[in-house]
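Visitor: I would like to learn how to read a structure like this one. Please take me through it feature by feature.

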Amino acid sequence: MERKFDVVVIGSGPAGYKASKLLLKRGLSVCIVEKEVFGGLCLNAGCIPKDMLYGIALSLQRIKNLKGNTVSLSWEETLKQVQSKILRLRKLAEDQLRSKGLAIVYGEAELIEEKKVKVGRTTLTADYIILACGSKPPTEGILPEDILKGKVIPEGRVSIKGNDPSAYELAFILKAFDREVVLEVKEGLLSSFPQISETIYLKLETALENCGVVIVENLSGEGFLINAEKRKPNLCPQRFPFIKLTSDGYADTDPYLETSVPGVYAVGDLVPPQGAGFAFEKARVAVSNILYGKSFRFDPSKIPFLITSACEVGFVGDINKVARFEYKPLSVNPKIFVNHEGGILQIGYDESDKPVFIAGAGHGLCEILNVFSAVLGGWFSHPSYGEILEEILAPIV
Ligand SMILES: Cc1cc2nc3c(=O)[nH]c(=O)nc-3n(C[C@H](O)[C@H](O)[C@H](O)COP(=O)(O)OP(=O)(O)OC[C@H]3O[C@@H](n4cnc5c(N)ncnc54)[C@H](O)[C@@H]3O)c2cc1C
């Protein structure tokens, strides 16, 4: 069977979902191809379950700070609740797009011609194709997503290693759920984020240690081991033979996110940097270029990056424009003083003394980054309450 659409989107994670939603709003015919479950990594085993668990872990930790280790929750029971919410959310998201006219084909897509996608016995042709296939784990073993899906239950002493931010996030969550947690921190961890200075990074380490996470340089006698290595782009050359890749396996796009094949765009984790907040922005850029002609460039400095762990750590803005930095304590604000004493903000000013970059460590940082991003004309951290404003107020693209 052969079907024709304006746009075929491969992958239903944040990048594919967002791109489809924007295209449908403009009246284009869109088909998503998905080989697993709707919503991708972010909804099913990444940002969203993690964020729910993080909220619970933070409350648990705060009560423990007040009352000692007298409060505990069952990990298994909590995860069941989280997963049932995810199921509801997944159905809502899929139904919402179907009601707007989205076609969904379940199966594994391959590009058999430059603008022709094959899924089982179905062939889909389109004027434009958006590749949103996400990322894949680089290693074997137990992965953060296995923990969040409830595929394995962390028992006893839990060791976590790897250079993905989820290592810090899981360490905090599992500690709040009374696991003995050992985190391997190698020199250079988070080094792919030059925006995070040592001062800020050390705040995160200290906050984790204060919660009881043991930080070591080399794990020994690992016990239950979680591999939180940075994920790899999921674009295998056999299935996508026409698409040029970079030496590290990302889609080789121009600044407008068009690949080596005209009319084929790559978004989400197929293009650095990884992260759902960036994935949404890449989707907006690709869709704008499809709708209005190639003139919109992807600029990651417009999107806040955030790690939610024993304290929040993140940044937004363009560090390359910074002429001088200034550090300020976060605790000058009474709300932050009562919730997280010891937080810090690093502000970067350009030549004309205009603030162009902010990084920090401390609870409440997400809100600060979102506000600063809005001032810079950027978007919001994911997941965050601020994102609702984009849904309500933002123009279509
Ligand atoms: C534990 C954890 C926590 C995280 N927390 C955050 C966070 O708080 N904030 C944040 O911004 N990011 C977070 N991330 C990262 C975020 O989940 C990813 O960056 C995001 O999901 C990438 O979106 P995507 O649309 O590119 O790909 P994905 O979400 O991976 O979706 C890709 C989809 O494409 C499908 N697919 C792949 N190949 C094919 C094919 N050939 N045919 C058909 N379908 C295909 C896959 O099945 C998948 O559903 C987290 C990740 C993890 C692991």
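**Reading the ligand shell and the helix packing**

Guide: Start with the shell around the ligand: α1 (14-25), β2 (30-34), α2 (40-45), α3 (47-67), α5 (144-149) and α8 (276-292) each give at least two residues to it. Helices (H or I, at least four residues) and strands (E, at least two) are DSSP runs, numbered from the N terminus. This is a predicted model: local features need pLDDT of at least 70, side-chain atom pairs count only at pLDDT 80 or more, and totals for chains, interfaces and linings use all residues. Residues are numbered from 1 along each chain as its sequence is written.

Visitor: Which residues come nearest to the ligand?

Guide: A residue is near a molecule or strand if its C-beta atom, placed from the backbone, lies within 6 Å of it. Here 37 residues surround the ligand, and Gly11, Gly13, Gly40, Gly134 and Gly268 come nearest.

Visitor: How do the residues of the shell divide by class?

Guide: Ala, Val, Leu, Ile, Met, Phe, Trp, Tyr, Cys and Pro count as nonpolar, Asp, Glu, Lys and Arg as charged, and the others, Gly among them, as polar. The shell has 14 nonpolar, 15 polar and eight charged residues.

Visitor: Which domains supply the shell?

Guide: Domain bounds come from an automatic or database domain assignment. Domain 1 (2-44 + 77-137 + 231-298) and domain 2 (139-227) each supply at least three shell residues. The chain also has domain 3 (302-383). Taken over C-alpha atoms, the centres of domain 1 and domain 2 are 30 Å apart.

Visitor: How should I read two packed helices?

Guide: Use the angle between their axes and the distance between the axes. Axes are lines fitted to C-alpha atoms, for helices over the stretch in contact, and angles run from 0 to 180 degrees between N-to-C directions. The axes of α3 and helix α4 (residues 75-99) come within 10 Å and cross at roughly 140 degrees. That makes α3 oblique to α4. Angles under 35 degrees count as roughly parallel, over 145 as roughly antiparallel, 65 to 115 as roughly perpendicular and the rest as oblique.

Visitor: Which residues of α3 and α4 meet?

Guide: Contact means C-beta atoms, placed from the backbone, within 7 Å. Ile48, Pro49, Met52, Leu53 and Ile56 of α3 meet Thr78, Val82, Lys85, Ile86 and Leu89 of α4. By class, this contact has eight nonpolar, one polar and one charged residues.

Visitor: At what angle do α6 and α7 cross?

Guide: Helix α6 (residues 166-176) and helix α7 (residues 198-211) cross at roughly 20 degrees, with axes within 10 Å. They are therefore roughly parallel to each other. Tyr168, Ala171, Phe172 and Lys175 of α6 make the contact with Leu204, Leu208 and Cys211 of α7.

Terms used:
Two residues are in contact if their C-beta atoms, placed from the backbone, lie within 7 Å.
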